[in-house]
Structures are given as structure tokens and as C-alpha cells.
Amino acid sequence: MGQAFGCYQVDQSNVAIKEHFGKFDDVLEPGCHCLPWCLGYQIAGSLSLRVQQLDVRCETKTKDNVFVNVVASVQYRAVSEKASDAFYRLTNTREQIQSYVFDVIRASVPKLELDSVFEQKNDIAKAVEEELEKAMSTYGFEIVQTLIVDIEPDVNVKRAMNEINAAARLRLAANEKAEAEKILQIKKAEGEAESKYLSGLGIARQRQAIVDGLRDSVLAFSENVPGTSAKDVMDMVLVTQYFDTMKEIGASSRSSSVFIPHGPGAVKDIAVQIRDGLLQATASQN
């Protein structure tokens, strides 16, 4: 209705293309404009200056022969100073951008192996952005930003990569577990060695204390009972210990049957054996 009365309204963030008898005349900024249609002026169309986004999915092959789908997100907008170029020089802006994205990705990705594609996706995005900026600026468009938002390998390849990663993690866990068990065994062995060492010291001190006690007892008995020799006292002490041991074995509820040669002659033999053993132990310690 406004155009019928020679007026035309351009919305914010838009520009309108004015023609005079079918020829480009001017770019109309947002606001109300006088448009005397009777003199051959008309609006050929409008152009949005807002940032637009185009997602491009491109299938290509890496250097190690793995097919991947690369998704690039391109953000672009028309430049108001070059609105006439953006309106007249391109029929389909989105298809043009998509063609350049395909060209750059399919030229860059085949030079890289699959792992490198993931690592260098920012470099790929930068290459796409530079190529688009150089090409689309002549058509009145500005490339705001280009992102590689997804790199999706073939399903079988993705499954294989997950299995390789899982196997590597299991191998690392097994190595860590083995190392931990090794440390435990070492610490256990060190603890047992230290325990046996301390136990040996205790036994040696115990035996030394027994020998010292027997020696003191023999000396005291010899002094208090005239006419007795150290051998007589030692025999008596050993026989006394022998019978005390027999008594403890019989009184213990947990003891098994013990068969020991017994008789007057056996007691003498046992005394001799015990005395010789103690004397040899004392001699070795000295």
C-alpha cells in the first residue's frame, strides 16, 4: 500500500535495492523512502545484513585412507557498502560458499592422517576461512568466522579406535597393578627380613641370658655347698630342667604324644647332650 503512494519502508538490519527502469539506482538504508513508481522507480528486492550461518557437511578421505565426514560452520553477512554486488552478482550465496568449503577441505584433509585431522582442525578452519574471505569479498560478503564443529570417521573405524583406546588403557592399568604388587612384595620381604633379624637378636640375647643365669647359679651353689664341683651342679640343674620340661609337656592340653627314651641311663645321656650343646653355643658366641 505504501509503495502505491510512492513510499517504501526498509526494516532495521536490512537494505533495499532501488532500480530505475530496471537498472540499479541506489541502495536504500533502513527507514522510509520516497519511491515515485510513476517515474520508473521500483524496489528490486531487499538484502539482510544480519550474520547468517551455514553448516556444510563434507565427506573426504584422509592420508591413511579413512573416510571422514567433516562439518564446517560458516558465519557470514552481506556488507552494506557492497550491497549491490551481493544482490546482483550471486544467484545462490549458500551454494557458492558450500562449493568453496568442499574445495578447501578436500584439498587439506587428504594430506593429513586421521589423528592429525583432529589435532589440526583449527588449521583447517583457518584455511577455509581465508579462502572464503578472499573469494566472497568480491561478491560483497564478509566471512565472520569459520569453525570445524565435527569430524566423524566411519562407524567401523570409530569402533576400532575405541577398542584400541580401551586396550591401551587396560594395558596401562595392568602395568600399574603389577608395579603396585611388586612394591607390596618388596615391602613384605623387607618387613619379613627385618622381623627375622630382630627375632634372631632376641633369641641370641635369650640364650645368652640363660647361659649367664646358669653360670651364676653354678658358682653360687658351689660356694654354698662345699665339696661340689661345677660339673655336679650343672648335671643337677640339667636334670631338674629335664623333669620340668616333661611336666609341662604332660600338663599341656594341646601337646601331642612325645616319645622320649627314658631311664636312669637316658637321663645321664640327655644331661651330657644338653651340657655339650650349651657349652658349644657359649664357645661360638665368644
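This section describes the fold, the two sheets, the surroundings of Ser 73 and the salt bridges of the structure shown above.

The structure is a predicted model. Its chain comprises 286 residues, of which 26% are classed as buried. The secondary structure consists of seven helices and eight strands. Among contacts with a sequence separation of 6 or more, 63% involve residues that lie 24 or more positions apart. The chain exposes about 19300 Å², and 53% of this area is supplied by carbon and sulfur atoms.

One open sheet contains three strands, arranged in the order β6-β7-β8 with antiparallel pairing. Strands β6 (residues 52–61) and β8 (residues 141–153) occupy the edges; each has a single partner strand, so one side of each lacks a neighbour in the sheet. On average, and with direction ignored, neighbouring strands of this sheet are turned by 20 degrees against each other. The antiparallel pairing of β7 with β8 extends over 11 bridges. Within the sheet, Val 70 has Ile 151 of β8 as its bridge partner.

Two helices lie across strands of this sheet. Helix α2, formed by residues 93–108, lies across β6, β7 and β8 and runs at about 35 degrees to β6. Helix α4, formed by residues 121–136, lies across β7 and β8, and its angle to β8 is about 145 degrees.

Ser 73 is located in strand β7, which spans residues 67–78. With a relative accessibility of 4%, Ser 73 counts as buried, because the cut-off for this class is under 20%. The side chain of Ser 73 takes part in a polar contact of 3.1 Å with the side chain of Gln 53. A polar contact, also of 3.1 Å, links the side chain of Ser 73 to that of Asp 55. When residues up to four places away in sequence are not counted, Ser 73 touches Gln 53, Leu 54 and Asp 55, together with Gln 145, Thr 146, Leu 147 and Val 149. Gln 53, Leu 54 and Asp 55 fall within the residue range of β6, and Gln 145, Thr 146, Leu 147 and Val 149 fall within that of β8. The contacts of Ser 73 thus reach residues of both edge strands.

Another open sheet is formed by three strands in the order β3-β2-β5, again with antiparallel pairing. Its edge strands are β3 (residues 23–28) and β5 (residues 41–48), each of which pairs on one side only. Neighbouring strands here are turned by 30 degrees against each other on average, direction ignored. Strand β2, covering residues 14–20, runs antiparallel to β3 and is joined to it by five bridges. In this pairing, Lys 18 stands opposite Asp 26 of β3.

A search of the whole structure identified five salt bridges. One of these connects the side chains of Asp 25 and Lys 18, with an N to O distance of 3.4 Å. Lys 18 is buried at 13% relative accessibility, whereas Asp 25 is partly exposed at 36%. Lys 18 therefore combines a salt bridge to Asp 25 with a position opposite Asp 26, while counting as buried because its relative accessibility is 13%.

A further salt bridge joins the side chains of Glu 152 and Arg 57, at 3.8 Å from N to O. Glu 152 belongs to strand β8 and Arg 57 to strand β6, so this pair ties together parts separated by 95 residues in sequence. Glu 152 has a relative accessibility of 28% and is partly exposed. Arg 57 is also partly exposed, with a relative accessible area of 49%.

The side chains of Lys 187 and Glu 190 likewise meet in a salt bridge, at an N to O distance of 3.9 Å. Both residues lie in helix α5, which spans residues 155–224, and they are three residues apart, about one turn of the helix. Lys 187 counts as exposed at 54% relative accessibility, and Glu 190 counts as partly exposed at 44%.

Key:
Residues numbered from 1 in each chain as written. Predicted model: local features only at pLDDT ≥ 70, side-chain atom pairs only at ≥ 80, totals over all residues. Heavy atoms only, no water. Helix = DSSP H or I, 4+ residues; strand = E, 2+ residues; numbered from the N terminus. Buried < 20%, exposed > 50% of the residue type's maximum accessible area, 1.4 Å probe, protein only. Contact = heavy atoms within 4.5 Å. Areas by Shrake-Rupley, 256 points an atom, 1.4 Å probe, with all protein chains shown as cover. Polar contact = N/O pair within 3.5 Å; in protein donor to acceptor, adjacent residues only side chain to side chain. Pairing = 2+ DSSP bridges. Axes fitted to C-alpha atoms, helices over the stretch in contact; angles between N-to-C directions. Salt bridge = Lys/Arg side-chain N within 4 Å of Asp/Glu carboxyl O.
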